Amino acid sequence: MKKDLTFAVIGRNFVADWLIEASRAVNGIRLRGVYSRKEETGRAFADKHGADRVYTSLDALCRDPDIDFVYVASPNVCHEEQSVKLLSFGKHVLCEKPAAASVESLNRILSAAERSGTVFMEAMVPAHTPALHAIRELIPKIGPVRRAAFTFCQYSSRYDAFKNGVLENAFVPELHNGALMDIGVYCVHMAVMLFGVPQSVSGETLFLPKSIDGEGTLLLKYPDMLAELIYSKITDSVLPSQIQGERGSILIDSVSRPKKLTLALRGGERVEVDASPALPDMAYELIDFAAQIRGEKMPRFNQWTAGAVSIIDTARNKLGIKFNI
């Protein structure tokens, strides 16, 4: 009988709440610890979720033999340093998106995992949920794909404060935030997961005060198609994403949490496809991550992450998105 995999979390945000709640739907995974710089905040979060250990230093977490893996949901700027250290101590790491800000950064993380024989995976929800498989099954029905438009525009809950002069973490470039890193990454991943790495990347971005990108559009050129990636933290979109082929289109309700698809064939036929997950969205990434810890090979996930990071790296350089200003 395989023992439960015990894990700890770094980060006390709503995403960590979601991951912990999703873990309760996955057999063989159990929350054990919480890392926080302050004992009182860590204890409050641990008590909220039933964890029995609190760490106020990363070293203490790294040296705990009872922790099998760590879910890293800290600010983006911390991902590389924390992941590399955890991996070097033999902890498997599930890291929130974006896993890294550059190709060099991701390579350092993956090298640390290879050296220690551990598993590293980016927590990219749509890479694991049933909708991705459903989209793949629908693509042949629309004929040769000629265009895709992946959209994620979500008015940030912190944008009003930003406009009033209050600078919160979501709008601090030094923390590796901004529209591309925070939500554009989902559009990038969808393109890579379905169509691979493009031949070229171009685009435009709108900078807000403090030199952080508030919205942007990327154009990815493939041999036989184009992909537009439209993302924003300062507007909302009511339009679905879509993949256009010569015989029809596929409409996708969300690139971050896809659940409902529509096959719209040229000529008028429309088929609604319910791809809602049977489990909480984030449970599927935990299932795939745990399978890798237990020995199953799933190289596609890190390959997709590497492709997405390469696009983001290129886009940042071309658009002038800088973190150290």
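## A bridge between strands 12 and 13

Gly248 has Leu265 of strand 13 as its bridge partner. The two strands concerned, strand 12 (residues 248-252) and strand 13 (residues 260-265), run antiparallel and are joined by five bridges. Strands (E, at least two residues) and helices (H or I, at least four) are DSSP runs, numbered from the N terminus, and two strands pair if DSSP finds at least two bridges between them.

This is a predicted model, in which local features need pLDDT of at least 70 and side-chain atom pairs count only at pLDDT 80 or more, while totals for chains, interfaces and linings use all residues. Residues are numbered from 1 along each chain as its sequence is written, and side-chain values use heavy atoms, with hydrogens and water left out.

## The eight-stranded sheet

Strands 12 and 13 belong to an open sheet of eight strands with mixed pairing, whose order is 8-9-10-7-11-12-13-14. Strand 8 (200-208) and strand 14 (270-274) stand at the edges, and because each has a single partner strand, one side of each is left without a neighbour in the sheet. From one strand to the next the twist averages 10°, with angles running from 0 to 180 degrees between N-to-C directions and axes being lines fitted to C-alpha atoms, for helices over the stretch in contact.

Within this sheet, strand 10 pairs in the parallel sense with strand 7 over seven bridges, and Cys153 stands opposite Ser232 of strand 10. Strand 9 also pairs with strand 10 over seven bridges, but in the antiparallel sense; here Gly216 has Tyr231 in strand 10 as its bridge partner. A hairpin of four residues connects strand 9 to strand 10.

## Helices across the sheet

Helix 8 (residues 179-195) lies across strand 7 (145-153), strand 9 (212-221), strand 10 (226-232) and strand 11 (241-245), and runs at about 155° to strand 7. Helix 10 (residues 300-319) lies across strand 8, strand 9 and strand 10, running at about 55° to strand 8.

## Helix 4 against helix 5

The axes of helix 4 (residues 79-88) and helix 5 (residues 103-116) come within 8 Å and cross at roughly 10°. The two helices are therefore roughly parallel to each other, a term that covers angles under 35 degrees.

Contact (heavy atoms within 4.5 Å) involves Glu80, Ser83, Val84, Leu87 and Ser88 in helix 4, which meet Ser105, Arg108, Ile109, Ala112, Ala113 and Ser116 in helix 5. By class, this contact has five nonpolar, four polar and two charged residues, where Ala, Val, Leu, Ile, Met, Phe, Trp, Tyr, Cys and Pro count as nonpolar, Asp, Glu, Lys and Arg as charged, and the others, Gly among them, as polar.

Conventions. Parallel < 35°, antiparallel > 145°, perpendicular 65-115°, else oblique.
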